[in-house]
Amino acid sequence: DVDGELWVQVDIGPAGPGPEIGPASQAFAADRRATIDIGNPHLVLLVTDPDRVDLAVVGPALEEDYEAGINVHAVVVEARDRLRLRVWERGAGITQACGSGAVAAAVAAQDWGLVDDRVVVSMPGGAAVVERSGATMLLKIPGLDSEAAMAATGGVPINHIGRYADAENPLTRCLAPAPGSTAARPNSAVAPHRNNQPAKPL
């Protein structure tokens, strides 16, 4: 509970390398680029200003670079403990925030040596805190009251969940793995969101 707002900590599990970077992604004018897999695939592009990237054009063009599609992220490092991110989600388009995208951006920036183990990732729809804890990644997200959080996790106590997806919260709706994905973590459990329908995988 931070200033009266409930924050949920989600154990994402270890991050791994994503698919091989495609030719259009290589050609895109970014300072650095990486693909990250945390149960779903992400392309992270380090740019000078994410707001100047036309994600409505760039997102679908780069998503087509990958057979299974990919989430595309434009990120800038603002400090050792802060990133600013914009998101294109595969199958959804431009979104205001993405929890798994925040983790992917943090992992890439950490691997590049640009940020510390704990980083705040700011997105148009809200901020998330990402922390590397040994081999695992922790995602801390705000904005759910206790009733909504319990509904989002299928009634599982918050401190017992490994992972959840809530389609009504932009920070959590993209946490679900792709259908048939074998990359889901052993401690992960994607729970139904509050109307008891599965969260849409992205």
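How much accessible surface does the protein chain have, and what share of that surface belongs to carbon and sulfur atoms? I looked this up before anything else, and I noted that the accessible surface comes to about 8,900 Å², with 50% of it belonging to carbon and sulfur atoms. I keep in mind throughout that this is a predicted model.

**Entry on the whole chain**

I went through the secondary structure next and found four helices and 10 strands in the protein chain. Reading from the N terminus, I wrote the order down as β-β-α-β-β-α-β-β-β-α-β-β-β-α. I also looked up burial, and of the 202 residues in the chain, 51% count as buried. For contacts between residues at least 6 apart in sequence, I noted that 63% join residues at least 24 apart.

**Entry on β3 and β4**

I then turned to strand β4, residues 41-46, and asked how many of its residues are buried. The count is six of six, so I recorded the strand as mostly covered. Pro41, Leu43 and Leu45 point one way from β4, while His42, Val44 and Leu46 point the other way, and I found all of them buried.

On one pairing of this strand, I noted that β3 and β4 run antiparallel to each other over six bridges, and that aspartate 37 stands opposite proline 41 of β4. The hairpin of these two strands has three residues between them, and there I found glycine 39 with a positive phi near 105°.

**Entry on β4, β5 and β6**

Strand β4 also pairs with strand β5 (residues 71-79), and here I found the two running parallel, joined by five bridges. Leucine 45 has alanine 74 of β5 opposite to it. Following the chain from β4 to β5, I passed through helix α2, residues 55-63, and I recorded this β-α-β crossover as right-handed.

From β5 I went on to strand β6, residues 82-89, which pairs with β5 in the antiparallel sense over seven bridges. Two residues make up the link of the hairpin that joins β5 to β6, and I noted leucine 85 in β6 as the bridge partner of valine 75.

**Entry on helix α3**

Is helix α3 mostly covered or mostly uncovered? I found that 12 of its 13 residues are buried, which I recorded as mostly covered; among the buried ones are Gly99, Ala102, Val103, Ala106 and Gln110. The helix, residues 99-111, reaches 18 Å from its first C-alpha to its last, close to the 18 Å expected at 1.5 Å a residue. After α3 comes glycine 113, and I noted its positive phi, near 80°.

**Entry on the cores**

I looked up the largest nonpolar core and found 32 residues in it, with Val44, Leu83, Val103, Val121, Met123, Val130 and Leu139 as those having the most contacts inside it. At least two residues of this core come from each of β1 (7-13), β3 (32-37), β4, β6, α3, β8, β9 (126-133) and β10 (136-142). Which of these elements gives the most to the core? I noted α3, with eight residues. Another core lies apart from this one and has 14 residues, including Phe28, Leu43, Leu62 and Val72. As general background, I added that nonpolar side chains tend to be buried together in soluble globular proteins.

For valine 130, leaving aside neighbours within four places in sequence, I listed contacts that include Ala102, Val103 and Ala106, and also Arg118, Val121 and Leu139.

**Entry on arginine 118**

Why does arginine 118 count as partly exposed? Its relative accessibility is 43%, and because partly exposed covers values from 20% to 50%, I placed arginine 118 in that class. This residue belongs to strand β8, residues 118-123. Not counting residues up to four places away in sequence, I found arginine 118 touching Arg80, Asp81, Gln110, Val129, Val130 and Glu131. I also looked up arginine 82, which is 36 residues from arginine 118 in sequence, while their C-alpha atoms are 8.7 Å apart in space.

Terms used
Residues numbered from 1 in each chain as written. Predicted model: local features only at pLDDT ≥ 70, side-chain atom pairs only at ≥ 80, totals over all residues. Heavy atoms only, no water. Buried < 20%, exposed > 50% of the residue type's maximum accessible area, 1.4 Å probe, protein only. Contact = heavy atoms within 4.5 Å. Areas by Shrake-Rupley, 256 points an atom, 1.4 Å probe, with all protein chains shown as cover. Pairing = 2+ DSSP bridges. Right-handed = clockwise from strand over helix to strand, strands pointing away. Expected span 1.5 Å × (residues − 1). Core = buried A, V, L, I, M, F, W, Y, C linked by side-chain atoms within 4.5 Å.
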